[in-house]
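Reader: Could you take me through one part of this protein up close? I'd like to hear about the aromatic rings and what sits around them.

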Amino acid sequence: MEFSLAALVDRGNGLLWGSVLVYLLIGAGIYFTVMTRGVQVRYFGHMFKLLRSSRQSNGGISSFQALSTSLAARVGTGNLAGVAVAIYFGGPGAIFWMWMTAMVGMATSFVESTLAQAYKTDHGDNTFRGGPARYIEKGLGLRWLAMLFSICLIIAFGLAFNSVQANSIAQAMEQAFAIPTWAMGLVLMAVVAPIIFGGLKSIAKVAELVVPLMALLYLVLALVVVGLNISEFPAAIMTILRSAFGLEQAAGGAVGYAVSQAIMNGIQRGLFSNEAGMGSAPNAAATASTRPDHPAAQGFIQMLGVFLDTLVICTATAAIIIMAGPELMSGDENNGIQLTQMALSSHVGDWGGMFVAVAILLFAFTSVIANYSYGESNIEYLAGRRAPLAVMFYRFAVLAMIMVGSVASLGAIWNFADLSMGMMAIINLVAILMLSPVAFSLFRDYEVQLKAGKEPTFDPSKFPKLANKVDPKAWPKK
């Protein structure tokens, strides 16, 4: 039975990632990029400008806190273990395809986060709820599809992804400090429990404090490593580019297979890391009180999250691994977080492995609480009046899966996470493609006001397709 289930998961992943999602994900990103005339390039500086003025939230959740929450989910095992997995199975060229996924994914993130803001609902405590389930139901009128998405998200983030994060923490701490995986699972449960029982505001406050600090410390160390090996850095970049198009393997006659593996692993790990198009980040985007008071503002903010996650932090990890040399990837046991630990240790000494262990502890810990928050929002959507009881049950289920993930095998967890993520992504990508005219009209409205020298504001009455579908408490008439 176990073999049959594993075979079924492998077959599902092969179908999703081998054909369907690759074309849908990249195709949607390119379409959104063209229709917005390269929003991720033309408004690159504007993203940072909005971030500087995003801290005020009137007692609710600010745009900066919403970004920190989404980054908490994005910046995790995908940036350390996931990059190592991509390089191990897809070669250095997988990093190039992670970059490409992120570049077009920035436009996808803009569209889905803008829609999440437009269709958000007032939660009654100065915060909001929203995301794909709500814009699928309100925008498309397909409640059954919205419910299916919510179920997939709860399974993926509450079970699979939190298991992945717990697994990486346990493996890293065992490698660096010889702490038994079961003991690390118990400690992680004890630390996570009071935060998730505090609700979404508690999670946003923790993310706002921890995420910027941990990302900055990791980037500083990566820059030190690059500085110590600056003469090798251009060669590392060329290795990525040559491997991406099979030039490294041309002499061996395995170009087609090598390129396909680089593309599949790059896109797979890229999506897992930056989550653009998956439908997860919009759940955080919808909770924010935006400034300017316009749905597109949070679209720009969340677009920045994709850039920071993949083009900055993942690239830092890739540079550390590639400049350490190919001999580190010769053993089958070093295909996850251990590879990143060994690579950093080769640059800075034994304490490098301990640093990665602490980094993954912080990265994955914040991912766990952010993943939980996504699930809670969708539990509330599904449960309705019974939400308090359902949320309480969900909290205990998340804690249980943290323990399971701490002692389970890496391969089985990654495969299950890939399958559940793929199902989520397909539902969300189809939905945002169908709703993209709404997002484009909101973007044009924001752009026109900005070019006129005004601070953009959202007036639902100007949008016939939205006027009767937005929550008047979330977006009062101007």
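Author: Here is a walk through the aromatic rings, followed by the packing around them. Keep in mind that this is a predicted model.

Let's begin with the overall tally: searching the whole structure turns up 16 aromatic pairs. One of them joins phenylalanine 44 and phenylalanine 307. To describe such a pair, you give the distance of the centres and the angle of the planes. Here the centres are 5.0 Å apart and the planes meet at 80°, and over 60 counts as edge-to-face, so that's what this pair is. Now look at where the two rings come from. Phenylalanine 44 belongs to helix α3 (residues 44-52), while phenylalanine 307 belongs to helix α14 (residues 295-322), so the pair ties together parts that are 263 residues apart in sequence. The two partners also get separate labels for burial. Phenylalanine 307 has 18% relative accessibility, and buried means under 20%, so it counts as buried. Phenylalanine 44, at 30%, counts as partly exposed.

For another edge-to-face pair, go to phenylalanine 96 and tryptophan 97, with 5.0 Å from centre to centre and 85° between the planes. Both phenylalanine 96 and tryptophan 97 are buried.

Rings can also gather in a group. Tyr43, Phe110, Phe300, Phe443 and Tyr446 make up one aromatic cluster. Let's zoom in on Phe300. If you skip its neighbours within four places in sequence, phenylalanine 300 touches Val39, Tyr43, His46, Met47, Leu50, Phe110, Phe443 and Tyr446. Phe300 also shows up in the largest nonpolar core, a set of 145 residues, where Leu115, Val192, Phe300 and Leu466 are the ones with the most contacts inside it.

A ring can have a charged neighbour too: lysine 120 sits over the face of phenylalanine 128, 3.9 Å from the ring centre.

Finally, back to α14, the helix that carries phenylalanine 307. Helix α10 (residues 200-228) packs with α14 at an angle of about 40°, their axes being 10 Å apart. The way α10 passes α14 is a left-handed crossing. On the α10 side, the residues making the contact are Ala215, Tyr218, Leu219, Ala222, Val225 and Val226. On the α14 side, they are Val312, Ile313, Ala316, Thr317, Ala319 and Ile320.

Methods: Residues are numbered from 1 along each chain as its sequence is written. This is a predicted model: local features need pLDDT of at least 70, side-chain atom pairs count only at pLDDT 80 or more; totals for chains, interfaces and linings use all residues. Side-chain values use heavy atoms; hydrogens and water are left out. Rings of Phe, Tyr and Trp (its six-membered ring) pair if their centres lie within 6.5 Å; planes under 30 degrees apart count as stacked, over 60 as edge-to-face and the rest as tilted. Helices (H or I, at least four residues) and strands (E, at least two) are DSSP runs, numbered from the N terminus. Buried means under 20% relative accessible area, exposed over 50%, partly exposed in between (1.4 Å probe, protein chains only). A charge sits over a ring if NZ of Lys or CZ of Arg is within 6 Å of the ring centre and within 35 degrees of the ring normal. A nonpolar core is a set of buried Ala, Val, Leu, Ile, Met, Phe, Trp, Tyr and Cys residues joined through side-chain atoms within 4.5 Å. Contact means heavy atoms within 4.5 Å. Axes are lines fitted to C-alpha atoms, for helices over the stretch in contact, and angles run from 0 to 180 degrees between N-to-C directions. A crossing is left-handed if the near helix is turned anticlockwise from the far one by less than a right angle, and right-handed if clockwise.
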